[in-house]
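Student: Please take a close look at one buried side chain in this model. Then work outward from there to the helices and loops around the fold. Keep it brisk.

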Amino acid sequence: MTDLVVRRLLVDMEQPIARHWCAGDAFRTALFNALSMSFPTGEQFFIDSVRNGFKELPPAQQEKFRAEVQGFIGQEATHRRLHALYNGHLDRLGLVNEWEARNLERFRQLEGVDVRHWLGITAANEHFTAILAEFMLRNPDLLGDADPRLATLWLWHSAEESEHKSTAFDLYQALGGSHEWRVKWMKRVTTLFLMETLRQTVKNLHRDGTLWQWSTWRSAASYLFGKRGLVRETYAPWREYFRRDFHPNQQGSSAAARWLRDHSDQYVPVGG
């Protein structure tokens with residue numbers, strides 16, 4: 001089992017966010033803002049999935065998972081709260097969060113569905129966030145230094161996503177979730193996640209007035225497909241999820257552990 005620490009991040013989320021806070025780059029800023037817009041509702045769904053999956057376990061297995069589940073819920077609840085504050089600043093910048101409403105409608109349609117499907121969806125999303133997290137932790141300079149507070153927020157969030165990447169997966173397995181449905185949900189989540197990320201990023205750029213600037217598309221091509229491109233670096237670990245013998249812990253978390261060790265002055269363990 002994974003020892004998950006709930007941490008209070010020492011950043012001031014009351015101060016406004018700059019229009020192009022990510023290294024002065026319109027595309028990267030719009031992309032990260034889009035991802036943040038999905039988090040409050042998404043993180044709540046993950047919390048509900050893990051909590052309800054835990055309740056379905058027999059008592060002996062509940063004791064095995066209890067501490068990890070509590071840590072997972074605590075970490076995700078903290079992420080949800082801070083990204084809600086972040087998104088409030090995006091509202092004030094004139095951006096419109098269309099992803100959130102679509103998330104809520106999809107989650108409503110899942111009410112009453114077997115919790116293993118909820119966990120399969122959560123495990124797939126957690127794999128996406130884990131491989132994105134490792135990419136960000138290996139390439140922290142791509143966040144720029146225009147707003148150290150937001151760089152810290154994203155790297156701390158990444159480190160904790162890497163820490164708890166196996167929780168939903170292990171609950172899914174413990175409840176008898178099949179490999180076939182795990183793969184089906186990853187395919188569906190992949191399509192939906194990429195479509196929604198692109199859609200909200202484009203909407204953000206349109207409202208920002210930078211959608212049709214050449215510099216925006218040049219930045220997108222470099223960030224996604226360049227020498228250290230996001231797609232190039234995450235494709236192989238994404239694909240590993242489809243192996244029958246895959247487990248999230250087969251993929252390293254050393255960058256997350258290193259960041260948490262080297263930046264312990266940026267957070268306080270809750271209850272510590």
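Tutor: In this predicted model, Q251 is buried, because its relative accessible area of 14% falls under the 20% cut-off. Q251 is a loop residue: its loop runs between α9 (230–240) and α10 (254–262). What does the side chain of Q251 find there as a polar partner? One of its polar atoms lies 2.9 Å from the backbone oxygen of P237. So far, that is a side chain paired with a backbone atom. Now take the wider set of neighbours. With residues within four places in sequence set aside, Q251 is in contact with H127, I131, K165, P237, E240 and F246. P237 therefore appears twice, once in the polar pair and once in the contact list.

Next, a buried histidine. H157 sits in helix α5, residues 148–163. Its relative accessibility is 3%, so H157 counts as buried. Which residues does H157 touch, beyond those up to four places away in sequence? They are F39, E43, H79 and H83. H83 is also a polar partner: the side chains of H157 and H83 make a polar contact at 2.8 Å. Here both sides of the pair are side chains. For Q251, the partner atom was a backbone oxygen. A distance within the chain is also on hand. H157 and G112 are 45 residues apart along the chain, and their C-alpha atoms are separated by 30 Å.

Helix α5 as a whole fits the picture of H157. It is mostly covered, with 15 of its 16 residues buried. Its length can be checked too. At 1.5 Å a residue, its 16 residues should span 22 Å, and the end C-alpha atoms are 22 Å apart, so the two values agree. The expected span counts one residue fewer than the helix holds.

Now helix α7, residues 179–208. The length check works here as well. Its 30 residues should span 44 Å at 1.5 Å a residue; the end C-alpha atoms lie 43 Å apart, which agrees. Just after α7 comes G209, with a positive phi of about 80°.

How does α7 pack with helix α3, residues 99–109? The angle between them is about 150°, and their axes are 10 Å apart. Angles over 145 degrees count as roughly antiparallel, so α3 is roughly antiparallel to α7. From α3, the contact is made by W99, R102 and R106. From α7, L192, F193, E196, T197, R199 and Q200 take part. What is the chemical mix? Three of these residues are nonpolar, two are polar and four are charged.

α7 also holds V189. With 8% relative accessibility, V189 counts as buried. V189 touches I121, A124, N125 and F128, leaving out residues up to four places away in sequence. A C-alpha distance gives the scale: V189 and A123 are 66 residues apart in sequence and 9.9 Å apart in space.

Follow N125 from that list. N125 lies in helix α4, residues 115–138. At 15% relative accessibility, N125 is buried too. Beyond its neighbours within four places in sequence, N125 is in contact with F46, V189 and F193. V189 belongs to α7. F193 is among the α7 residues in the contact with α3. N125 thus touches one residue that also takes part in that helix contact.

One more buried residue, this time a serine. S219 is in helix α8, residues 214–225. Its relative accessible area is 12%, so S219 is buried. Apart from residues up to four places away in sequence, S219 touches D25, F27 and R28. With D25 the link is polar: the two side chains make a polar contact at 2.7 Å. With R28 there is a long sequence gap to note. The two residues are 191 apart in sequence, yet 7.6 Å apart from C-alpha to C-alpha.

Last stop, A23. A23 lies in the loop between β1 (7–9) and α1 (26–56). Is A23 buried, partly exposed or exposed? A23 is partly exposed, with a relative accessible area of 40%. Its phi is near 55°, a positive value in a residue other than glycine. The positive phi just after α7, by contrast, is that of G209.

How values were computed
Residues numbered from 1 in each chain as written. Predicted model: local features only at pLDDT ≥ 70, side-chain atom pairs only at ≥ 80, totals over all residues. Heavy atoms only, no water. Axes fitted to C-alpha atoms, helices over the stretch in contact; angles between N-to-C directions. Helix = DSSP H or I, 4+ residues; strand = E, 2+ residues; numbered from the N terminus. Parallel < 35°, antiparallel > 145°, perpendicular 65-115°, else oblique. Contact = heavy atoms within 4.5 Å. Nonpolar A, V, L, I, M, F, W, Y, C, P; charged D, E, K, R; others polar. Buried < 20%, exposed > 50% of the residue type's maximum accessible area, 1.4 Å probe, protein only. Polar contact = N/O pair within 3.5 Å; in protein donor to acceptor, adjacent residues only side chain to side chain.
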